[in-house]
Amino acid sequence: MNKYKKLVTNTLIFAVGSFGSKILLLFLTRLYTANLNPSDISTKELLELTANFLIPVITFSIADAVIRYGIDRNYDNRKVFTSACVAEGRGVLLLLVLTPFLTLLPYTDGYVLLLMIYCITSGFRQIAQQFVRARGLLRLFAFDGITAALTLFLFNLIFISGLHMGITGFMFSVILSDLCSGLFLWAAAGLRRFFSLQYLDKRITRTMLRFSIPLIPSALLWLVTGFSDRLFIRYMPGPSGLVGETAAGIYSISSKIPNLISTISTIFFQAWNMSAIEEVDSKDRGRFYQKIFDTYQSFMFIAGAFLIVFVQILSNILIDSSSYAEYAQAYRYTPVLIVGVTMMCFNQFLSSVYTATQHTTHSFWTSLIAAVVNIVLNIVLIYLMGIMGAAIATFVSYFVSYCIRIVDARRYIYFPVNHAKFIVNTGILFLLGIVVVDEPPMWILILAVGLIFMTIYNFSAVSQMMLQFRRKRR
C-alpha cells in the first residue's frame, strides 16, 4: 500500500472509532447535568484535570515512546512494550510519594484513593492502546475506542443514574471502563506474548525515557494554556460583566464550536503521526511533508471558514440560552477561538517532526513559550477587554508557537511552505469573524463571497491530493 493511500485509510479508520465514541459521550453530558448539581460537576472536572496532570508525570509520557519505537523496525517490540510497562510500574511508586500532596487539595477529600486508581488504569490503557497502534492493529484500536465509550456510558448509567453514587460513581465508571479496555486489548492483541522481564533492556528503556520525559512538561504546558484562560476570567479584575463566574461560563460555552476543529485534527493526527515516523528516513520525505501539510492547512482553513460563517446557526443548535440569556452572546467570541484552535492544529502537525526525528525537547520549549505568552497576555488583555482578551491571548500564544515551530521544525525535515497563502487565509478568517460579530450592511452577502473565495482558494491543494491518491491506487 503506498504511503498516501495508507494515510487516508488510517485516517478513515480512526474517524470511524472517534465519531462513534463522540456521539456516545454527548449523551453523557445530559446524564451528568441531570444527576449532578453544579458543585459536584465542578468537583468532577477538577478531579479530571488533576488526573490529566498526573498521568503524564507518573507514566513519564512513555505511551508516546511506545508509538515511536513500536513502529520503528530497528527496535524489538517485546523490549519496547516490556520497558513501557516497567516504567509505569515505577511511576506507581512515584504516585505513592505524591499521595500526601494530593490530600492537601480541598476537592480531593474522600477521592484520593480513587484518583490514584484512576491514574493507574488510564496509564495502563494508554500503553496498551499505543502498542496496538504501533503494531498496525488499527481496526482493533478503533473498535476499542467505541467499546470503551460504550462501557463508560453504561457504567455511568448504573452508578450515577441508577445507584445515585454521584462523583464516586463517576470515578468508578472511568476506572472500570479503562480497566475493561486495557484487559480487552491485552487479550485481543495477545499482549502477554510481548511482556516478560527477560525482555527488559536497560539501553532501550533509557532511549525511550530520553524521548518521552521532555514530553511531560510539554503536555502540562498545553493544559496550562488551555485552562488558564478560564481561571483568569473567573478570578481577575476587569470590565464589568466580562469577568467573573458568569463570564467564565460564557467563555467555556464559546469554545464548544472551535473544539470541532480540534476533533477533526486529532483524528488526522493519529494517522499522520504513524506515517511521519514510518517515512522519517525516506528519500522524498520533504516532498511528502510538503504535500500533506499543504493539503492539511487548506482543509483546516476551509473548515474554519465554514464554522465562522455558520457560527450563529451552529450556536443556536448547540447552545440552549432559554434559561440563561447570557449564553446567546457566546458566539461573539467563537470566531477568534476558531482561528486560535486552527493555529493549535498546525502546531500539532509540526510536533510530528520532533516526534519522528526524536527532538522532543523542542516540543517542550516551544510549548513553554506559548504558555508564557498566554499567561502574560491574559493578565493584560483580560484586565482591559475581559472575555475577548482571553480569546485574543489564546490565538496569539498559538500563533507565536507556530511561527517558531515552522522555522525550527524544518531544520530537521525541510519542506517548502507557502507563507503568503497562510497569511491570506488567516487574514480572511479574521475578516469573516468581524463581519459575523458586527453584522455590517449586506453582511450575509459578504460572508457568502468570503466563504466561496476561501473554498476556491484552498481547494486546489485538496483536489490535487485526491487526484494523486486515485492515481496511486491504479
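Here are some questions and answers about this predicted model.

User: What does the secondary structure of the protein come to, in helices and strands?
Analyst: Start with the overall make-up: buried residues account for 54% of the 474 residues in the protein. As for the secondary structure, the count is 18 helices and zero strands.

User: What share of the accessible surface belongs to carbon and sulfur atoms?
Analyst: The protein has an accessible surface of about 21,700 Å². The part of that belonging to carbon and sulfur atoms is 66%.

User: Of the contacts with a separation of 6 or more, what percentage comes from residues 24 or more positions apart?
Analyst: Leave out the pairs with a separation below 6 and look at what remains. Residues 24 or more positions apart then account for 82%.

User: How many of the 25 residues of H12 are buried?
Analyst: Helix H12 covers residues 285-309 and reaches 36 Å from first C-alpha to last, close to the 36 Å expected at 1.5 Å a residue. H12 is largely enclosed by the rest of the structure, because the number of its 25 residues that are buried is 19.

User: Which residue in helix H12 pairs with Lys421, 127 residues apart?
Analyst: Lys421 makes a salt bridge with Asp294, and their closest N and O atoms are 3.4 Å apart. The pair links distant parts of the chain, with Lys421 sitting in helix H17. Lys421 is buried at 11% relative accessible area, whereas its partner is partly exposed at 30%. That partner in helix H12 is Asp294.

User: Is Asp201 buried or exposed?
Analyst: The side chains of Lys79 and Asp201 meet in a salt bridge, 3.5 Å from N to O. Lys79 lies in helix H4 and Asp201 in the loop between H7 and helix H8, so the pair ties together parts 122 residues apart in sequence. Lys79 is partly exposed, with 28% relative accessible area. Asp201 has a relative accessible area of 16%, and since the cut-off is under 20%, Asp201 is buried.

User: How far apart are the closest N and O atoms of Asp76 and Arg78?
Analyst: A search of the whole structure turns up six salt bridges, and Asp76 with Arg78 is one such pair. Asp76 is partly exposed at 26% relative accessible area, and Arg78 is partly exposed too, at 34%. Their closest N and O atoms are apart by 3.0 Å.

User: Which residues are linked in a network of salt bridges?
Analyst: The structure holds six salt bridges according to a search of the whole of it. The residues linked in a network are Arg125, Asp144 and Asp178.

User: Which residue's backbone oxygen does the side chain of Ser177 reach?
Analyst: Ser177 is in helix H7, residues 166-188, and counts as buried at 4% relative accessibility. Beyond its neighbours within four places in sequence, Ser177 is in contact with Ala148, Thr151, Leu152 and Phe155. The backbone oxygen that its side chain reaches, at 2.9 Å, is that of Ala148.

User: Which residue's backbone nitrogen lies 3.3 Å from a polar atom of the side chain of Thr82?
Analyst: Thr82 is in helix H4 and counts as buried, with 0% relative accessibility. Its contacts beyond four places in sequence are Phe194, Phe195, Ser196, Leu197, Tyr199 and Leu200. The Thr82 side chain reaches the backbone oxygen of Phe194 at 3.0 Å. The backbone nitrogen at 3.3 Å belongs to Ser196.

User: What is the phi of His164?
Analyst: His164 is found in the loop between helix H6 and H7. With a relative accessible area of 60%, His164 is exposed. Phi is positive here in a residue other than glycine, near 55 degrees.

User: And where is Met442 found?
Analyst: Met442 has a phi near 60 degrees, a positive value in a residue other than glycine. At 58% relative accessibility Met442 counts as exposed. Met442 is found in the loop between helix H17 and helix H18.

User: How much accessible area do the residues of the nonpolar patch that includes Leu368 and Met385 have together?
Analyst: The patch is on the surface and also includes Val372, Ile375, Val376, Ile379, Val380, Tyr383 and Leu384. Tyr383 is found in helix H15, residues 361-385. Together the patch residues have an accessible area of about 760 Å².

Note on methods:
Residues are numbered from 1 along each chain as its sequence is written. This is a predicted model: local features need pLDDT of at least 70, side-chain atom pairs count only at pLDDT 80 or more; totals for chains, interfaces and linings use all residues. Side-chain values use heavy atoms; hydrogens and water are left out. Patches are made of residues with over 30% relative accessible area and no salt bridge: like charges are joined within 9 Å, nonpolar side chains (Val, Leu, Ile, Met, Phe, Trp, Tyr) within 5 Å. Accessible areas come from the Shrake-Rupley method with a 1.4 Å probe; for residues, only the protein chains shown count as cover. A salt bridge is a side-chain nitrogen of Lys or Arg within 4 Å of a carboxyl oxygen of Asp or Glu. Helices (H or I, at least four residues) and strands (E, at least two) are DSSP runs, numbered from the N terminus. The expected span of a helix is 1.5 Å times one less than its number of residues. Buried means under 20% relative accessible area, exposed over 50%, partly exposed in between (1.4 Å probe, protein chains only). A polar contact is a pair of N or O atoms within 3.5 Å; within protein, one must be able to donate a hydrogen and the other to accept it, and residues adjacent in sequence count only if both atoms are side-chain atoms. Contact means heavy atoms within 4.5 Å.
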